[in-house]
Amino acid sequence: MPNDRFEVVIVGAGLSGVAAALTLARNGVEVLVIERGDFPGAKNLFGGILYSGVLADLVPKFWEKAPIERHIVNRRWVVLDVDSQVALDLKSAHFDKPPYNNTFTALRSRFDRWFAEQAEEEGALIICETTVEGLLTEGDRVVGVRTGRDDGDVFADCVILAEGANSLLSEAAGLRRKMTPGNRVNAVKEVLALPSEIIEDRFHLEGSQGAAVEYFGGAVKGMVGSAFIYTNRDSISVGVGCLIEDYLRSKTAPYELLDEFKAHSSVAPLLRGGETVEYATKMIPEDSYDDFSDLYAAGVMLVGDCAGLVNPSIHHEGTNLAMASGVFAAEAFLEAREKQDFSRSGLESYRNRLDASWVMQDLEHYRGTVDFLRANREFVDSYPRITVELMRDYFTVDDTPKAEVRRRLMRKVRDEVNFFRLVRQLWQARKTLV
Ligand SMILES: Cc1cc2nc3c(=O)[nH]c(=O)nc-3n(C[C@H](O)[C@H](O)[C@H](O)COP(=O)(O)OP(=O)(O)OC[C@H]3O[C@@H](n4cnc5c(N)ncnc54)[C@H](O)[C@@H]3O)c2cc1C
């Protein structure tokens, strides 16, 4: 095989690209991964929860060797208003033993590097500091990639695009819907260093246990999105992520939103004394299931974020979908390789595998989440606020008789909530939010 030809070229050494590379190399495929960062993970950012079901299949008992931070035993969903919070708190001993509910915190600069090493050990070649600038085509078939290096064309039977949310190559090839302010979240995240004993004390954790707290409503000024705090070993990840159209509408910059969130009276004590060691911003795709028409074409497949495979519901999962799609693309290539058919129909089994899996079943179920919230803004704005106010007023202790308090609260609900609209919304929400 000449140096400039591989069976598969993968663009991007993120979670989806490396999962594909590992699977291919393990099956004896000559695979090249091209990554623009100085090392895998150098340019990667996420909130911090690694959903690891697929990873555990690829690297059994990975938690014994991978540079993960903490396993999550405590999940909290919190609604804020200006000075109060109402929380739902889930802590379970079930999550405290292998496989730890497949939910870990991680820092991508450490984790991605390790994950890429697993693929290299299986035989994948990973080249960093190299940007793919375009796809090489013959007729309607993708036959390779053009990189920014001298003599930088590399040819392949199949190209797997794993370029992440900033999917310029996929869009240029017409394989992906264009980004719009209504289908992209902008997230900004800060990592604050704190001694592990302080983190464990503040979040009531022991050893490598971790906590994940997500905030809604006033935490993000009633925008479609959320704020989060995740515990790492000796740091805390804190961030906000909202639809770009909402930042524009409210004339709020993401960094201002993060500053306000960090200053909230319920949040500041959790972060006190933390020293900023990382600050970054990135986009998250929030496409709907209905946008997934072209996830593959002759000689090319799209995986992970550049295919739009992110669950936009309260589950906020992207990492496991990225890895699953990488594995499915690799398996589809292996099937196509047997027939030496890398045409569109030869790669069709990629989409079939996705459709038959939990990946597309979940995305189909939550296909309307973002549009529902955009059309029913009370769910991100007034309903969370009213919930906090009702709880606070109900439990405020003064000399008012409880019956009078109840009457006042019922009046407030009648004044502020349109009953029939709420019933209709809840009926619709059963299919999009739950
Ligand atoms: C702020 C934020 C918070 C998130 N929080 C969570 C969370 O808590 N849990 C969760 O499950 N998911 C979360 N996600 C989503 C999750 O991070 C993604 O779904 C997942 O990382 C997608 O993996 P990927 O391999 O598709 O893309 P990425 O991990 O983004 O990897 C893409 C890779 O391609 C490289 N690349 C791009 N273009 C080129 C090019 N032209 N040439 C060469 N290399 C290129 C990049 O440098 C990068 O290494 C979050 C995302 C963001 C932005």
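A surface patch here is made of residues with over 30% relative accessible area and no salt bridge, and nonpolar side chains are joined into one when they lie within 5 Å. Keep that in mind as we walk through this predicted model, beginning on the outside and then turning to the ligand.

M391, Y394 and F395 together make a nonpolar surface patch of about 330 Å². To find Y394, look in helix α13, which covers residues 382–394. Y394 has a relative accessible area of 40%. Because partly exposed residues fall between the 20% and 50% limits, Y394 counts as partly exposed, and its 40% also passes the 30% cut-off for a patch.

Now let's move to the ligand. There are 37 residues around the ligand, and those that come nearest are E35, G47, I49, R108 and D305. Two of these also appear among the polar contacts: a polar side-chain atom of D305 is 2.6 Å from an oxygen atom of the ligand, while a polar backbone atom of I49 lies 2.7 Å from a ligand nitrogen atom. A162 takes part too, with a backbone N or O atom 3.4 Å from an oxygen atom of the ligand. On its own the ligand has 1,000 Å² of accessible area, and the protein covers 96% of that.

Which elements help to build the shell around the ligand? At least two residues each come from α1 (15–26), β3 (49–51), β15 (275–285) and α9 (319–339). The most come from β15, which gives three residues. Sorted by class, the shell holds 16 nonpolar residues, 13 polar ones and eight charged ones.

Conventions: Residues numbered from 1 in each chain as written. Predicted model: local features only at pLDDT ≥ 70, side-chain atom pairs only at ≥ 80, totals over all residues. Heavy atoms only, no water. Patch = residues over 30% accessible without salt bridge, like charges linked within 9 Å, V, L, I, M, F, W, Y side chains within 5 Å. Areas by Shrake-Rupley, 256 points an atom, 1.4 Å probe, with all protein chains shown as cover. Salt bridge = Lys/Arg side-chain N within 4 Å of Asp/Glu carboxyl O. Helix = DSSP H or I, 4+ residues; strand = E, 2+ residues; numbered from the N terminus. Buried < 20%, exposed > 50% of the residue type's maximum accessible area, 1.4 Å probe, protein only. Near = heavy atom within 4 Å. Polar contact = N/O pair within 3.5 Å; in protein donor to acceptor, adjacent residues only side chain to side chain. Nonpolar A, V, L, I, M, F, W, Y, C, P; charged D, E, K, R; others polar.
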